[in-house]
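Colleague: I would like to learn how to read this model feature by feature. Could you take me through it?

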Amino acid sequence: VFNACAKLANDRAMKIGKKLLDNMPNDYRNNNILLNSAIDMLMKFGDVQSAERIFDSIKKKNIISYGALMNGYNINSKPWKCFKILEEMKQQGVVLDEHACNILIGTCSKIGMIRECQYIIDQIPLHIQNLKQIQTSLIHMWSKCGSIEKAQNIFKSVHDQDIMIYNAMISGFGLNGMGLEAIELYRKMPNELQNEITHICVLNACSHSGLLDQARNIFNEIPLKTEKIVTAMTDCLSRLFLFDEAEKLIDEYEKTNSPSFIMYSCLLSGVRNNRNKKLSEKIYNRMKSLFPDEKEGLTSSVILVSNLYSSVGEHQQAKEFRLSQIKELGKKVKAGLSWTDGSGEIVAFSANDNSHPQLAEIHDEVNRMTSEVIKLGYKCDSSWVTRELREEETIESALGGHSERLALAFNFIQRPVPDFIQITKNLRICGDCHAYTKLVAKARQRDIIIRDANRIHHFHKNGQCSCQDHF
């Protein structure tokens, strides 16, 4: 029942699962199999604290107990906690198996920090690293860290490259803005190995690099255009503001298929970046009509539309729309986080974070960076201020409080300053922070890697970004 509730993870399942756990006989509370299942269930419910209490109550923890806890941290966006668990496992003499290693590699993928990843990989026995499934996971991991060279080295070391290995490498190229390299590998890949995921990966790579003609050619060559493949092409068109063509593609798809929520989400995202208020309202209303039960997805769409209102200066309308729709949907808005490893350990920042002990130094450093980039031509873009300013705030101070900017400043107050800076975000980077970071990289002559929810940005010392502003 715990496993069933974990898979469902809806309101009814949560109620049943927690009630069953509370009423579980004492005799069962020493049963590792049950307790491990309970940890997994609670983590799937998002109840991290209760899962931790169950874990602490286990007298003889095994590799499955540790794996359930670490997997739960990954699910609940707390991957850095896995590092402490790994240290505890080492102290207790728990030997890593393939499953635990896969979870740890997943942790590294979520954190996206090269230094931490290398430390974790050094803990994994070589015989496990050489397993095909692990090699595939490692290609994904290094790609998500922005170390495409390490990913390529693993890809080249695999003698019998299968479909998963190819797909991982094509996806990695796309994630890092290397669309042409993704297409080249796609063309080299044996046709009999290509599947739906392959086509999605290469179309996404085209999308992230603005390769429209190549995307059209590949899309037209694909014999069976599934929902996900059409979605990838819709995303490509929407990013380039080709909304008429994107809408026609959706209309054509819907002649023989049910509407797809994610297609409309891609379209709405592009419209928000284009600041097309009328079209965004039309798309959101259609989404709400077609997909009334997609509460979580609609909540994200509300944020996009309200941010668009703010970007054109209609802050009151943004506030009213956001409050009314979020209340109606009954879902919480995802808080924005940026994390970095500038101090040798993972440190997380939220927007306008005031919890860090070095807060004053961080804000002073933000001000110094801002002065430097202004000399290089930076002008703050007020359209990325997505809420009403408080009395004591200015546009500059509101943008200066964005989580990625605080994480960036934190790195620069370290001594010595890191050779390169890495930041991971759980949301998309805003356009103003993107322009700002390009100039910081130039002013401070530091390579900066920021991975947002969509892709990886490599900010180079010449003031350019690998994404060529396709984000």
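Modeller: We will go through domains, repeats, the sheet, the rings and the backbone in turn.

Colleague: What ground rules apply here?

Modeller: This is a predicted model, where local features need pLDDT of at least 70 and side-chain atom pairs count only at pLDDT 80 or more, while totals for chains, interfaces and linings use all residues. Residues are numbered from 1 along each chain as its sequence is written, and side-chain values use heavy atoms, with hydrogens and water left out.

Colleague: Which domains does the assignment give?

Modeller: Domain bounds come from an automatic or database domain assignment. Here the assignment gives domain 1 (1-95) and domain 2 (337-465). Their C-alpha centres lie 36 Å apart.

Colleague: Where does UniProt place the feature "repeat: PPR"?

Modeller: UniProt positions are given in the numbering used here, feature names are shortened, and annotations may be inferred rather than shown by experiment. The unreviewed UniProt entry places "repeat: PPR" at residues 62-96 and 162-192. Helices (H or I, at least four residues) and strands (E, at least two) are DSSP runs, numbered from the N terminus. Residues 62-96 are 69% helix and 0% strand, with the end C-alpha atoms 10 Å apart. Residues 162-192 are 74% helix and 0% strand, and their end C-alpha atoms lie 11 Å apart.

Colleague: In what order do the five strands form the sheet?

Modeller: Two strands pair if DSSP finds at least two bridges between them. In this model five strands form an open sheet in the order 2-1-3-4-5, with mixed pairing. Strand 2 (347-350) and strand 5 (456-459) are the edges, each pairing on one side only. On average, neighbouring strands of this sheet are turned by 20° against each other, direction ignored. Axes for such angles are lines fitted to C-alpha atoms, for helices over the stretch in contact, and angles run from 0 to 180 degrees between N-to-C directions.

Colleague: How many bridges join strand 1 to strand 2?

Modeller: Four bridges join strand 1 (residues 337-340) to strand 2, and the two run antiparallel. T340 has V347 as its bridge partner in strand 2. This hairpin has six residues between the strands, and G344 there takes a positive phi near 95°. E345 also lies in the loop between strand 1 and strand 2.

Colleague: Is E345 buried or exposed?

Modeller: Buried means under 20% relative accessible area, exposed over 50%, and partly exposed in between (1.4 Å probe, protein chains only). E345 counts as exposed because its relative accessibility is 53%. E345 and R115 are 230 residues apart in sequence, yet 9.8 Å apart in space, C-alpha to C-alpha.

Colleague: Which way do the side chains of strand 2 point?

Modeller: In a regular strand the side chains alternate between the two faces of the sheet. In strand 2, V347 and F349 point to one face and are buried, while A348 and S350 point to the other and are not.

Colleague: In what sense do strand 3 and strand 4 pair?

Modeller: Strand 3 (residues 420-425) and strand 4 (residues 447-451) pair in the parallel sense, over five bridges. F420 has D447 as its bridge partner in strand 4, and I421 stands opposite I448. Four of the five residues of strand 4 are buried.

Colleague: What lies over the face of F420?

Modeller: A charge sits over a ring if NZ of Lys or CZ of Arg is within 6 Å of the ring centre and within 35 degrees of the ring normal. R115 lies over the face of F420, at 4.4 Å from the ring centre. K225 lies over the face of F219, at 5.1 Å.

Colleague: How many aromatic pairs does a search of the whole structure find?

Modeller: Rings of Phe, Tyr and Trp (its six-membered ring) pair if their centres lie within 6.5 Å; planes under 30 degrees apart count as stacked, over 60 as edge-to-face and the rest as tilted. The search finds 10 aromatic pairs. One of them, Y309 with F321, is edge-to-face, at 5.6 Å centre to centre and 90° between the planes. Y309 is in helix 20 (residues 295-311) and F321 in helix 21 (residues 315-329), 12 residues apart. Y309 counts as buried because its relative accessibility is 4%. F321 is buried too, at 14%. Ring pairs also link F261, Y264 and F291 into a cluster.

Colleague: Which peptide bond is cis?

Modeller: Most residues other than glycine have a negative phi, and most peptide bonds are trans. Here a cis peptide bond joins R415 and P416, with omega about -5°. P416 is in the loop between helix 24 (403-412) and strand 3. A9 has a positive phi, near 50°, and is found in the loop between helix 1 (2-8) and helix 2 (11-22). Q445 also has a phi near 50°, and lies in the loop between helix 25 (431-444) and strand 4.
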